[in-house]
Amino acid sequence: MKILVINGPNLNLLGIREPEIYGNRTYADLVKFIGDVAADCGIEVEVRQTNHEGVIVDWIQECRGKFDALVLNAAAYTHTSVAVHDAIKAVQVRTVEVHLSEPKSRDDFRKVSFIESVAEKTCSGRGFESYADAIRHLAGRGIFCRRLARGEGV
Ligand code: DQA
């Protein structure tokens with residue numbers, strides 16, 4: 001199984017950006033975390049980040065015939081982008097929506113997600129662990145991966 005992880009605008013600033021909400025770990029830490037979880041689940045993963053809505057659309061379209069599933073943190077575009085919603089619908093790629101924070105318990109404008117209705121699952125509010133939840137769901141392992149099953153943690 002090969003999955004694409006797309007991270008949207010401002011996630012490159014993790015560690016600097018609102019650490020009280022998003023934590024102190026950096027974007028490089030996140031990429032390593034995702035790689036470790038995927039390897040543990042026996043999944044091939046590619047992790048990308050962009051600040052541009054159209055690039056997210058291009059990358060979703062690229063999933064056709066190339067990736068088995070998409071893990072998407074569309075960041076602010078979650079709450080605004082009909083284009084990202086339409087791209088997922090058009091490509092029909094299995095999609096899990098991810099957020100570090102819990103957008104629905106923040107500002108009112110974050111309560112709407114244009115991704116939710118085209119995603120098979122939303123994993124949010126657990127920091128980096130939201131990505132682990134998404135990958136393990138796609139791997140069909142629930143919360144258990146090999147290392148966890150051996151009691152070693154991730
Ligand atoms: C976010 C939540 C969004 O509301 C926000 O615009 C982001 C990050 C999250 O991961 O918690 O940029 O997607």
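Me: What makes the approach of the side chain of Asn73 to an oxygen atom of the ligand a polar contact?

Reply: In this predicted model, an N or O atom in the side chain of Asn73 lies 2.8 Å from an oxygen atom of the ligand, and because a polar contact requires a pair of N or O atoms within 3.5 Å, this pair qualifies. A ligand oxygen and an N or O atom in the side chain of Ser101 are 2.6 Å apart, while a polar backbone atom of Ala76 is 3.2 Å from an oxygen atom of the ligand. Of the 330 Å² that the ligand exposes when taken alone, the protein buries 99%.

Me: Which residues surround the ligand, and how do they divide into nonpolar, polar and charged?

Reply: The shell includes Arg17, Tyr22, His79, His99, Leu100, Arg106 and Arg110, and its residues divide into four nonpolar, four polar and three charged. The space that the ligand takes is the largest cavity.

Me: Why is the aromatic pair of Phe33 and Phe128 called tilted?

Reply: The ring centres are 5.5 Å apart, within the 6.5 Å limit for a pair, and the planes stand at 50°, which is neither under 30 degrees, as for stacked rings, nor over 60, as for edge-to-face ones, so the pair counts as tilted. By this rule the count comes to one aromatic pair.

Me: What parts does this pair tie together?

Reply: Phe33 belongs to helix H2 (residues 27–40), whereas Phe128 lies in the loop between strand E5 (121–124) and helix H5 (129–138), so the pair ties together parts that are 95 residues apart in sequence.

Technical notes: Residues numbered from 1 in each chain as written. Predicted model: local features only at pLDDT ≥ 70, side-chain atom pairs only at ≥ 80, totals over all residues. Heavy atoms only, no water. Near = heavy atom within 4 Å. Polar contact = N/O pair within 3.5 Å; in protein donor to acceptor, adjacent residues only side chain to side chain. Areas by Shrake-Rupley, 256 points an atom, 1.4 Å probe, with all protein chains shown as cover. 1 Å grid on protein atoms, 1.4 Å probe; cavity = no way out; pocket = protein on both sides within 12 Å on 5 of 7 lines; lining within 4 Å. Sits in = over half its atoms within 2 Å of the grid points. Nonpolar A, V, L, I, M, F, W, Y, C, P; charged D, E, K, R; others polar. Phe/Tyr/Trp six-rings, centres within 6.5 Å; stacked < 30°, edge-to-face > 60°. Helix = DSSP H or I, 4+ residues; strand = E, 2+ residues; numbered from the N terminus.
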